[in-house]
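Grab the viewer and work through these exercises with the sequence alongside. Each task comes with a solution that goes step by step.

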Amino acid sequence: MQTGFFTKAVPAIRRAPRLALGLALCLGLLTGCQTALQRGVNADQTAYVSSARPAIRVTVHDLPLVTSGPGTGRLYDSSSFGGLRIDTWVSYFAKGPQGPAVAIVQAELPDAWQWTTVWPSKNSCDVRQEYLAGRAYTAYTHLVPVQRDAFAGLAGEPVTEDQPVYWLVRSFEGIYAETQSKMVLQYREALTAEQLQALSPALLPEMDKAALAAFRERALAAISVEKGVFKDGTPGTFARGVRWQYVNDALLGPVMERNIGE
């Protein structure tokens, strides 16, 4: 009986190392898949890094990092009950209440959804295509009131109902349809009290063309985008201070469900 028992047990014992090796390889592959995709800021906190989907690095020049990390955006103009929840990563850089500031947002849709075309916000001006790292981004200049701003207060500006504060914003929006990702890059400068008195938000297109052109150049100089394989991003735990209720359709833009059979 003992001989028969050991005769049957030996092959199983010999198979054990093979099973262990196979399990280790599977775990290694799973770990590799989990660690291959990185989103976050680099070690010196000057750039947002996405190692894949899309593989890019967005460097912000001469502005300190305020907050960075993942969170959840919500799109209410979708057919999903209660709004479509989407994975979102935010990095915000700013010098102070008057700016300048830069917001970097990456949003990734679930498989059943896709981004539609970029729709500049109402009363936007200086709308044009800008090419960043070989990808066409829709760029436009607009005003964002702090009351409905996802990043209000992060730069130290007041957030009150009785004190209108607007950021003059140059937005760059790029859709990566093949990966269902969208990048929203914003360069921001706070308007002074004198500028607010002289400018109604509805009259933004009437701003001096030379001033708008100079603002566009400052925006392009503040942000640079590189395409490649980058793995130096350190993922954050949560983007503190972001008002996630405003990481919504107004910031991220419209989506639609994919056609059946795609």
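**Exercise 1. Find which strands helix 3 lies across, and its angle to strand 10.**

Keep in mind that this is a predicted model.

Step 1. Pick out helix 3, residues 209-222. Underneath, you'll meet strand 6, strand 8, strand 9 (135-145), strand 10 and strand 11, since the helix lies across these.

Step 2. Take the direction of helix 3 against strand 10: the two run at about 55° to each other.

Step 3. Now put the strands in their sheet. It is an open sheet of 7 strands, ordered 4-5-6-11-10-9-8, with antiparallel pairing. Strand 4 (65-75) and strand 8 (125-132) are the edges, each pairing on one side only. On average, and ignoring direction, neighbouring strands here are turned by 25° against each other.

**Exercise 2. Work out which residue of strand 6 stands opposite Y92, and what else Y92 touches.**

Step 1. Look at strand 5 and strand 6, which pair in the antiparallel sense over 8 bridges. Across that pairing, Y92 stands opposite A103.

Step 2. List the contacts, leaving out residues up to four places away in sequence. Y92 touches P64, L65, V66, T67, A101, V102, A103, F151, L154, A155, W167 and R188.

Step 3. Zoom out to the core. The largest nonpolar core has 32 residues, and Y92, F151 and L252 are those with the most contacts inside it. Among the elements that each supply at least two residues of this core are strand 7 (113-115), strand 10 (166-176), strand 11 (181-190) and helix 4 (249-252). Strand 5 gives the largest share, 5 residues.

Step 4. Don't stop at one core. Apart from it lies another, of 26 residues, including I56, Y137, L143 and L168.

**Exercise 3. Decide whether D126 is buried or exposed, and follow its salt bridges.**

Step 1. Check accessibility. D126 counts as buried because its relative accessibility is 19%, and the cut-off for buried is under 20%.

Step 2. Go to R128. The side chains of D126 and R128 meet in a salt bridge at 2.8 Å, N to O. R128 is partly exposed, with a relative accessible area of 35%.

Step 3. Go to R170. Here the salt bridge with D126 is 3.5 Å, N to O. D126 sits in strand 8 and R170 in strand 10, so this pair ties together parts that are 44 residues apart in sequence. Both D126 and R170 are buried.

Step 4. Try another pair. K182 and E173 meet through their side chains at 3.0 Å, N to O. K182 is buried at 1% relative accessibility, and E173 is buried at 4%.

Step 5. Join the bridges that share partners: D126, R128, E130, R170, R216 and E217 make one network. A search of the whole structure finds 12 salt bridges.

**Exercise 4. Find which backbone atoms the side chain of N248 reaches.**

Step 1. Locate the residue. N248 is in the loop between strand 12 (223-227) and helix 4, and it is buried, with a relative accessible area of 15%.

Step 2. Trace the side chain. One polar contact goes to the backbone oxygen of Q245 at 3.3 Å, and another to the backbone nitrogen of A250 at 3.1 Å.

Step 3. Add the contacts beyond four places in sequence: N248 touches R74, L75, Y76 and G253.

Methods:
Residues numbered from 1 in each chain as written. Predicted model: local features only at pLDDT ≥ 70, side-chain atom pairs only at ≥ 80, totals over all residues. Heavy atoms only, no water. Core = buried A, V, L, I, M, F, W, Y, C linked by side-chain atoms within 4.5 Å. Buried < 20%, exposed > 50% of the residue type's maximum accessible area, 1.4 Å probe, protein only. Helix = DSSP H or I, 4+ residues; strand = E, 2+ residues; numbered from the N terminus. Contact = heavy atoms within 4.5 Å. Polar contact = N/O pair within 3.5 Å; in protein donor to acceptor, adjacent residues only side chain to side chain. Pairing = 2+ DSSP bridges. Axes fitted to C-alpha atoms, helices over the stretch in contact; angles between N-to-C directions. Salt bridge = Lys/Arg side-chain N within 4 Å of Asp/Glu carboxyl O.
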